[in-house]
Amino acid sequence: MSNNQSHTFEKPFVTEGGATIPEPTIAYQTWGELNSQRDNVILVCHALTGNTAVDEWFQGIFSKGKALDPNKHFIICPNVLGSCYGSSGPTSINPETEKPYRADFPKVTIRDIVRLQQQLFDELDINKIELVIGGSMGGMQALEWCIMDERPQSAVLVGMGEKHRPWAIGISHTQRQAIYNDPSWDGGFYSEDDPPKKGLALARMIAMNSYRHPSDFDKKFGRRLQEGKSQYEVESYLSYQGKKLVDRFDAVSYVRLTQAMDSHDIRRSRPKIRKTIAGLTIPIAVVGIDSDMLYPAKECQDLANQLPNSRYKEITSPHGHDAFLIEFDQLNSIVKSLQTELSQKAV
């Protein structure tokens with residue numbers, strides 16, 4: 001059984017940019033039980049529009065006997081700062097104005113997101129994390145956890161590199177422009193009755209094109225038309241994906257979290273990063289996807305080459321970046337292999 005919870009901190013949270021968030025809240029979901037040493041913890045970091053329901057979007061590696069086994073582990077997934085699924089974000093009520101933050105919610109970085117999660121783990125008295133795992137933006141968080149905290153004992157980083165490269169920043173920028181150019185945007189202070197649906201839907205459609213590989217679209221859609229319509233199947237698919245996101249996500253949250261991803265660069269403001277990386281001796285599996293165009297496998301290989309105790313693994317898939325949410329057998333095998341390696345060393 002999962003356990004939906006949240007925690008509100010009395011002390012304000014100050015972002016890297018110097019903005020203050022009073023009474024910050026972090027939502028999270030857990031499965032399983034902590035052991036007496038409070039160290040059987042698996043931290044799962046979710047992606048851009050993800051939520052805390054790991055058992056749903058990571059279902060292929062989540063169950064008894066799988067890599068994420070609630071019968072063995074205390075599995076926890078926090079909702080990221082800036083999202084719209086319970087943690088403080090643009091849709092939250094600003095206690096100082098008693099109105100939703102909207103565009104007044106400050107920019108946050110991946111490191112800000114991790115710092116608030118660290119405070120949660122302090123509150124929960126968790127002293128060790130057996131494994132931290134994440135894909136895409138989740139992988140960025142997992143990597144920063146390894147750099148910023150001594151608690152992680154191993155990590156699996158999927159579909160990302162040491163920094164957000166210009167190609168990815170450019171795609172994020174294009175998506176934000178789609179939102180900004182929606183007539184309802186109004187500087188980010190739109191009403192609940194008139195959110196920028198068209199802009200957010202278009203942003204999602206742009207993103208979906210980067211999440212998949214051209215050959216995947218060839219196989220799935222070809223040049224077929226929708227039955228009885230003049231619209232291509234791929235057009236219908238992208239429109240459907242845009243509408244789905246609009247029904248569940250917030251436009252300013254999308255803006256803030258894509259900006260957070262753009263901030264990802266482990267070398268930023270770290271003059272001694274080489275020494276830090278040299279001391280990062282925990283076992284880390286860096287996982288690339290052979291068809292990923294958004295975060296090409298070479299970026300993952302380059303990251304693995306920098307980490308002292310890394311092993312590079314690759315998922316073979318026609319599905320592009322989204323493969324980490326599809327190719328569960330391969331991902332489960334990779335994570336289980338790392339877990340087996342750790343357990344053998346512990347004996």
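Is Glu227 buried or exposed? I began my notes with this residue, keeping in mind that the model is predicted. Glu227 sits in the loop between α6 (214-220) and α7, and its relative accessibility of 80% puts it among the exposed residues, because exposed means over 50%. I then looked up how far Glu227 lies from Phe105, which is 122 residues away along the chain, and found their C-alpha atoms separated by 44 Å.

**Entry: two residues with positive phi**

I looked next for residues with a positive phi that are not glycines, and noted Glu98, where phi is about 60°. Glu98 belongs to the loop between β7 (93-94) and β8 (99-100), and at 66% relative accessibility I recorded Glu98 as exposed. Asp186, again not a glycine, has a positive phi of about 50°. I located Asp186 in the loop between α4 (166-180) and α5, and with a relative accessibility of 55% Asp186 also counts as exposed.

**Entry: Pro95**

I stayed with the loop between β7 and β8, since Pro95 is found there. Pro95 has a relative accessibility of 35% and therefore counts as partly exposed. Setting aside neighbours within four places in sequence, I listed the contacts of Pro95 as Pro22, Glu23 and Tyr101. For Glu23 I also looked up the separation from Pro95, which is 72 residues in sequence and 7.8 Å in space from C-alpha to C-alpha.

**Entry: the crossing of α5 and α7**

How do the axes of helix α5 and helix α7 cross, and at roughly what angle? I found that the axes of α5 (residues 197-211) and α7 (residues 233-246) come within 8 Å and cross at roughly 125°, which means that α5 is oblique to α7. The crossing in which α5 passes α7 is right-handed. On the α5 side I wrote down Lys197, Leu200, Ala201, Arg204, Met205, Met208 and Asn209 as the residues making the contact, and on the α7 side Tyr237, Leu238, Ser239, Gln241, Gly242, Lys243, Leu245 and Val246. Sorted by class, the residues of this contact are eight nonpolar, four polar and three charged.

**Entry: Thr49**

I turned to Thr49, in the loop between β5 (41-45) and α1 (54-57). With a relative accessible area of 8%, Thr49 is buried, because buried means under 20%. Leaving out neighbours within four places in sequence, I found Thr49 in contact with Tyr85, Arg204, Leu245, Arg248, Phe249 and Tyr254. I recognised Arg204 of α5 and Leu245 of α7 from the previous entry, where they are among the residues that make the contact between those helices.

**Entry: the crossing of α4 and α8**

Tyr254, which Thr49 touches, appears again in the meeting of α4 with α8. I looked up the axes of these two helices, which come within 10 Å and cross at roughly 160°, so α4 is roughly antiparallel to α8. The crossing of α4 past α8 is left-handed. From α4 I noted Ile169, Ser172, Gln175, Arg176, Ile179 and Tyr180, which meet Ala251, Tyr254, Val255, Thr258, Gln259 and Asp262 of α8. In this contact of α4 with α8 there are six nonpolar, four polar and two charged residues.

**Entry: Ser263**

Which loop holds Ser263? I placed Ser263 in the loop between α8 (251-262) and α9 (273-278). With a relative accessibility of 15%, Ser263 counts as buried. Not counting residues up to four places away in sequence, I found that Ser263 touches Thr109, Ile110 and Arg268. For Ile110 I could add a particular atom, since the side chain of Ser263 reaches the backbone nitrogen of Ile110 at 3.3 Å.

**Entry: Phe328**

My last residue was Phe328, which I found in helix α11 (residues 328-346). At 10% relative accessibility, Phe328 counts as buried. Which residues does Phe328 contact, leaving aside neighbours within four places in sequence? I listed Trp57, Phe58, Gln59, Gly60 and Ile61. Ile61 is 267 residues from Phe328 along the chain, and I noted a separation of 6.1 Å between the C-alpha atoms of these two residues.

Terms used. Residues numbered from 1 in each chain as written. Predicted model: local features only at pLDDT ≥ 70, side-chain atom pairs only at ≥ 80, totals over all residues. Heavy atoms only, no water. Helix = DSSP H or I, 4+ residues; strand = E, 2+ residues; numbered from the N terminus. Buried < 20%, exposed > 50% of the residue type's maximum accessible area, 1.4 Å probe, protein only. Polar contact = N/O pair within 3.5 Å; in protein donor to acceptor, adjacent residues only side chain to side chain. Contact = heavy atoms within 4.5 Å. Axes fitted to C-alpha atoms, helices over the stretch in contact; angles between N-to-C directions. Parallel < 35°, antiparallel > 145°, perpendicular 65-115°, else oblique. Left-handed = near helix turned anticlockwise from the far one by under 90°. Nonpolar A, V, L, I, M, F, W, Y, C, P; charged D, E, K, R; others polar.
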